[in-house]
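Subject: Structure handover

Dear colleague,

Here is the structure we spoke about handing over. Please look through it alongside the notes that follow.

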Amino acid sequence: YDATVRYDVDYLIIAGGGSGGGQSAAAAGCGGGGAGGYRNSYSSEPSGGGASSETAAKLSQGVVYTITIGGGGASQTSTPGGNNGSNSGITGDSFTPISCSGGGFGGSSHSAGDSPHGGYAGNGGGSGGGGGYYNPLPFYYGGGGDGTTDEGFEGGNGRGDSPNRGGGVGGGASEVGESCTVPPLPSGSHGGDGGDGLSSSITGSAVTRAAGGGGGVDSGTAGTGGTGGGGNGSNVNGGGHGTAATAETGSGGGGANDGGSGGGGGSGLIILRMATANYSSTTTGSPTVTTDGSDTILTYTASGSYTA
């Protein structure tokens, strides 16, 4: 092999999603988890956070490139919320690393008597997690976490003005997470729907991934996960658990309610697409190998390597 020989490889890199907020005490309305960062170079498709398509990577023949797949944030019930997802990325000798940040976790809520007053904020990440709410004083809430530039969007705010209170939702690759809203009826709040993910056809078929998780609420309608695998929030009193995100989408988990655990974040993945004439067939980590026209596609859902 000749390392001076280089060829283009398109990529889709998605980090692990954040978990939804959980709360060990009998409070309510935790935020949804944010999606993992999303970077794409294929066919002028966009990257997350409103970014344009990136430039294909140039790999050097014979060089080993390490593929790291980020795991989703683990579910938990304790404050301040949940767990961020882990980063995904590609590294190699004399190669500028390409990485994405794990999604931010959703914030947990506070019950009466907790200090300080105010819902825990969602954490920042590839996309930010949604904020929790505080009970019972009005207008105390946690803000949504920030997204990472060119990877994802921020999460939504919680809302705590009694009797309508709930968590914000996680941001997704294609849009900001909604804040908890109060409808024009005395029937409770709406946790807001998680930010939607982005669709890519890098494998030859369109698939949407990297969505935010829905927020939990004290009463009314819990938030639903965004399109692309986000987990749903809970409105079940007495330990309502958020739903886990879909695995291998990098999506965020749903927020809990009233002492429940937040849904776990979805694991990330990395997809490489190259001309079959350049494909070396030397890999570790057992990627799925498919073809589309004159191209070969490697889909990694576990860490491994590719030798160019």
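Please keep in mind that this is a predicted model. I begin with one residue and work outwards.

Apart from neighbours within four places in sequence, Leu-272 has contacts with Val-9, Asp-10, Tyr-11, Ile-67, Ile-90, Thr-296, Ile-297, Leu-298, Tyr-300 and Tyr-306.

Leu-272 belongs to the largest nonpolar core, which has 23 residues. Together with Leu-59, Ile-90, Met-274 and Tyr-306, Leu-272 touches the most other members of that core. Two or more residues each come from strands S1 (6-14), S3 (57-60), S4 (64-68), S6 (95-100), S11 (269-275) and S14 (295-300). The top contributor is S1, with 4 residues.

There is also a second core, separate from this one, made up of 12 residues. Leu-12, Tyr-38, Tyr-42 and Ile-271 are among them.

Now the sheet. Five strands form an open sheet in the order S6-S5-S4-S15-S12, and the pairing is antiparallel. S6 and S12 (282-284) are the edge strands and have a single partner each, so one side of each has no neighbour in the sheet. On average, neighbouring strands here are turned by 15° against each other, ignoring direction.

At the S12 edge, the partner is S15 (residues 304-307), and the two strands pair antiparallel over 3 bridges. Within this pairing, Thr-283 has Tyr-306 of S15 as its bridge partner. Tyr-306 is also one of the contacts of Leu-272, and one of the residues that touch the most other members of the largest core.

Regards

Key
Residues are numbered from 1 along each chain as its sequence is written. This is a predicted model: local features need pLDDT of at least 70, side-chain atom pairs count only at pLDDT 80 or more; totals for chains, interfaces and linings use all residues. Side-chain values use heavy atoms; hydrogens and water are left out. A nonpolar core is a set of buried Ala, Val, Leu, Ile, Met, Phe, Trp, Tyr and Cys residues joined through side-chain atoms within 4.5 Å. Buried means under 20% relative accessible area, exposed over 50%, partly exposed in between (1.4 Å probe, protein chains only). Contact means heavy atoms within 4.5 Å. Two strands pair if DSSP finds at least two bridges between them. Axes are lines fitted to C-alpha atoms, for helices over the stretch in contact, and angles run from 0 to 180 degrees between N-to-C directions.
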